[in-house]
Amino acid sequence: MTALRESALVYPIIMTGHLTGMALFGGMICITDMRLLGWAMRDTPITDVIEQLRVWKQIGFVLVVGCGAMLLGSKAELYYYNPFYWTKMALLLLVGIHALAFRNVYSNPTAFPGKAKVAACLSLLIWVGLVTAGRSIAYWDVPDNLTPIYGSNSPTTHHTRK
Amino acid sequence: MMEIQIPYDPATNPLNNNEWSFPLLEIIHIVGFAIAIGTIFMVDLRLIGIGMKRQLASQLAKDLDPWTLGGLIAVLMSGPLIFSSDPNLYLNNFSFQFKIVALLVAILYQYTVHRKVAASDSSPVVGALVGIISVSLWISIVAGGLFIAFA
C-alpha cells in the first residue's frame, strides 16, 4: 500500500483502470436502464439486452471496485475523514440493496414493467450520484489539523478555484 | 520546447468565480464519456465477436449511435469549458496534447472506418481489427485525460 502511495506512477495507473472501467461499462449500465425505460434499443427484446450485458457489467464492476479498493488502501487514513468518500460508500451500499430489491426485475424484466421503470430510474440516480461523490473526493478541503500528517489532497486539487 | 503563453487571465472567466463549476463540468464530462465510450464498446464487443452476439453489428450500431453522439456532445461541450478555466496550463501539458490528438483520431475513426465496417457486417477478422483499434483509441484518451493532473 505504501508503494501505491509513494510511487509517482502506480496511483495514476490504478486510477486510469478505475476510470477506464467506468468508461467501458458505465454506458452499459445506462443502456440497460434506458432499455428498461423503453428509451433505447427498442427493437431488441429487453431480455436480450439485459442477458447479454450482464457478464460484462459484472466484469466492469469488479474492475472499478477492485481499482477503487486499491486507491482506498493507499489513502485510507485520509479518506476516513472525507465526507464525500463516505457518501460514495453509502451509495455503493445502495447499489447492493437495489440489486437485491429488484432482482426479480432483472431476472424477468417483462413480468414487472412498472417496477422495471422504478428500478431503472433509481439505478441512474445512484450511479450518477456515485460519479458525483467520487469526483468530489478530491475537492474536500483537508482540515488544518490533518495536513501536517497527510499532506494536501490529491494532485487534482490544483484545479480548485476559490 | 518553448512554453505557450496566451495572454489570458483565468480570473476573468466566470467559471472560475465559484468552487463547484469545475467539478460539475468534470462530472458532466465523465458521465458523457461513460455513455459515449460504453456504447462504442458495446459495438466493438460485437465486432470483435466476444459479446452482444444476438444481433448484427449493423443493428447494434444503428440503435446505439444516437447515444454515442449524445455522450460525445456532452464531452465536447464540457471539455472546452474545462479547458477555458486555465488554457495555458492545458496547452503546455503533454498529456493534454496527447489526449486531444488521440481524440481527433478517435472521432475521425469512429465516423469513417468504424461506421462503415459496423454497417456492412463485414468479415470477422476485419471486424475484430476495427473493434480492437477502436477500444484502444478510446482507452488511451481516458488515460491521457487522467494523466493531465499527474503530469
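A:A23 touches B:F33, B:A34, B:I37, B:G38, B:W138 and B:V142, leaving aside residues up to four places away in sequence; a contact here means C-beta atoms, placed from the backbone, within 7 Å of each other. This is a predicted model, in which local features need pLDDT of at least 70, side-chain atom pairs count only at pLDDT 80 or more, and totals for chains, interfaces and linings use all residues. Residues are numbered from 1 along each chain as its sequence is written, while chains are lettered from A and ligands numbered from 1 in the order in which they are written.

A:A23 also belongs to the largest nonpolar core, which has 59 residues. It is listed there with B:A34, B:I37, B:M42, B:V43, B:W138 and B:V142 as having the most contacts inside the core. Such a core is a set of buried Ala, Val, Leu, Ile, Met, Phe, Trp, Tyr and Cys residues joined through C-beta atoms within 7 Å. Buried means 20 or more other C-beta atoms within 10 Å of a residue's own, exposed means 12 or fewer, and partly exposed lies in between, with C-beta atoms placed from the backbone. The elements giving two or more residues to this core are helix 2, helix 3 and helix 7 of chain A, together with helix 1, helix 2 (57-84), helix 4 (94-120) and helix 5 (124-147) of chain B. Helix 1 of chain B gives the most, with 14 residues. Apart from this core lies another, of six residues, among them A:F102, A:V105, A:A116 and A:A119. As background, nonpolar side chains in soluble globular proteins tend to be buried together.

Now for the interface as a whole: 33 residues of chain A are in contact with 31 residues of chain B. On the chain A side, two or more residues come from each of helix 2 (10-37), helix 3 (46-74) and helix 7. Helix 2 of chain A gives the most to that side, with 14 residues. By class, the side of chain A that touches chain B has 17 nonpolar, eleven polar and five charged residues. Here Ala, Val, Leu, Ile, Met, Phe, Trp, Tyr, Cys and Pro count as nonpolar, Asp, Glu, Lys and Arg as charged, and the others, Gly among them, as polar.

One helix pair across the interface deserves its own look. The axes of helix 7 (residues 113-136) of chain A and helix 1 (residues 21-48) of chain B come within 10 Å and cross at roughly 135°. The two helices are therefore oblique to each other, and the crossing is right-handed. From helix 7 of chain A, A:V128, A:V131, A:T132, A:R135 and A:S136 meet B:P23, B:E26, B:I27, B:I30 and B:V31 in helix 1 of chain B. This contact has six nonpolar, two polar and two charged residues.

Chain B itself has five helices and zero strands; helices (H or I, at least four residues) and strands (E, at least two) are DSSP runs, numbered from the N terminus. Of its 151 residues, 38% count as buried.

Two loop residues, neither of them glycine, have a positive phi.

| Residue | Phi | Loop | C-beta neighbours inside 10 Å |
|---|---|---|---|
| A:M41 | near 50° | between helix 2 and helix 3 of chain A | 23, buried |
| B:D121 | about 45° | between helix 4 and helix 5 of chain B | 15, partly exposed |

Conventions: Axes are lines fitted to C-alpha atoms, for helices over the stretch in contact, and angles run from 0 to 180 degrees between N-to-C directions. Angles under 35 degrees count as roughly parallel, over 145 as roughly antiparallel, 65 to 115 as roughly perpendicular and the rest as oblique. A crossing is left-handed if the near helix is turned anticlockwise from the far one by less than a right angle, and right-handed if clockwise. Two residues are in contact if their C-beta atoms, placed from the backbone, lie within 7 Å.
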